[in-house]
Amino acid sequence: MQGLPFRGHDESEESLNQGNFLEFLKVISSCNEEIASVVLKNAPDNLKLTSPDIQRDIINAFAVETTKAIVHDMRSEFFSILVDECRDVSVKEQMGVVVRYVDKNGCVIERFLGVVHVSDTTATSLEKALDYLLSTYDLSISSLRGQGYDGASNMRGEFNGLKSLILKRNSSAYYVHCFAHQLQLTIVAVAKKHKIVGSFYNSISRLCNTVGGSCKRRDILREKQRENIIKEIASDEISTGRGLNQELCGENGHDDSIRVEADDVLEIINSFEFVFVLHLMKQILGITHELSQVLQKKDQDIVNAMNLVKVAKSRLQIMREKDWDVLLADVSKFCSKYELDVLDMEDEFVARKKGRRRAEKMKNLHYYRVELFCSVIDLQAQELNQRFDEVNTDLVLCMSCFDPRDLFSAFDLEKLLRLARYYPSEFSEVALSELKSQLENFIFDVRIDEKFSQISGISGLAQKMVSTRKHEVFPMVYSLVKLSLILPVATASVERAFSAMKIIKTSLRNSMGDQLLNDCLVPYIEKDVFVKVTNETIMQRFQKMNNRRQML
């Protein structure tokens, strides 16, 4: 559960550090005489069960039983997959797979299924690797009802090929481009398309390189920051608490930047334009950051994600219409506090760089409000509109009709019947007739039931249907709701798995095999499932793996 290595570099009896497995076993036996009498040197018939092969078998038993519990929770229901790739510390391409499904309580669940080493990254090879992983746990491509990929990975071309191969075998495995990644692309696009914003980020990079290029400069910065924090805490300008105002460490650079570079960067960050863009981007990124955090939740459904994108665009529009005066006041206050020049908005604009020429003269007000403030906000909103093209697809528009807000005001019978036709395996023409009747009765029922008046999102609808047993009264409606929830929103769960992989497979454990890597990852990532697996289950699995000299 802690991601610790089992093996020691030297596991001989003379070793002072035999590795975590043996050392923990020693500690446990030293605390319990009953255990001490049957382990290590006191093991009956010298059956110590401590060899490297035994250790790997134990880990494999953990992983297999944890994954079996996950598959059992899926109850042979439909599911979607989230797939991404990452190179491990041994420079081996690993494909991670997460399954998304709806459990018996109506909750959306995302679980890590495993990693597969793909030496050949063609679409066909990826398909075979995915088939192998799914078939290992009696899962089938035919049960897929959604697939999601990052789109920014080094293998995005191959993943596009994989997507097409899966769609050929199962036309109902609909693809959704990761919402969180699309949001990231909108932010990158603004920096690329708006020269001033791009220059701002370039200055930030130069600042980090200048300060981070020397231990001495880092120490000076930390000391100044410590003094500022003490002053602001004393004046109640900032709050204290766990995780607040902590010192952060970073990698030490080797390039001793020259004073000319430092002076140039200092001139840039002391300018009114830099401070203005700093506050502007902080406010815009605050809006997009909140959206990003919500999109990465495991139980997020695609309709709610669409609504959240709309909320972000509305907030940008409100910011454009109403927040100019507030932003300008904040910038002016900041400049005054740190003794920087505050520009008069009625003065003529003067470019900081001599090479920047303009066809006509303008006032500072026009430059900062029109060419910066409005221009950047409009560009961010435009990118949100262009990137989130899933919002305009018929499939997702039909799913939005299950949105329970305002007494199911978005409910549309014809669109929901059209949604059902996207899944011909579940809804035949005969079944559609029955579904229509169930939908009509369902909407009448939930609109008069107060228990359904305060629910949020399709996920909340599914859970409420289960808790009120309406999923048994309207089984076809519930199936359609589940299909809407299964469609993936973001691949954040796979990326979290790769973060765990960096903890499990380190430079000191770079020779770890692919099977052992997968076996270590599963219980580490899915702790809440692993902790419910009983010792008896593990022992039975371990006993069946090989012919053991004795029964445990």
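Which residue is the bridge partner of G96 in β3? I looked this up before anything else, and in β3 the partner is V115.

I noted that this is a predicted model, in which local features need pLDDT of at least 70, side-chain atom pairs count only at pLDDT 80 or more, and totals for chains, interfaces and linings use all residues. Residues are numbered from 1 along each chain as its sequence is written, and side-chain values use heavy atoms, with hydrogens and water left out.

I then turned to strand β2, residues 93-102 (strands being DSSP runs of E, at least two residues, numbered from the N terminus), where ten of ten residues are buried, that is, under 20% relative accessible area with a 1.4 Å probe and protein chains only. E93, M95, V97, V99 and Y101 point one way, whereas Q94, G96, V98, R100 and V102 point the other way.

Next I followed the pairing, which requires at least two DSSP bridges between two strands. β1 (residues 79-87) pairs with β2 in the antiparallel sense over eight bridges, C86 having Q94 as its partner in β2; the five residues between these strands complete a hairpin, with V91 in the turn at a positive phi of about 60 degrees. β2 and β3 (residues 108-117) are also antiparallel, over nine bridges, and M95 is partnered by V116.

Last, I traced the open sheet of five strands, which has mixed pairing and the order β3-β2-β1-β4-β5. β3 and β5 (175-177) stand at the edges with a single partner strand each, so one side of each is left without a neighbour in the sheet.

Note on methods: Buried means under 20% relative accessible area, exposed over 50%, partly exposed in between (1.4 Å probe, protein chains only). Helices (H or I, at least four residues) and strands (E, at least two) are DSSP runs, numbered from the N terminus.
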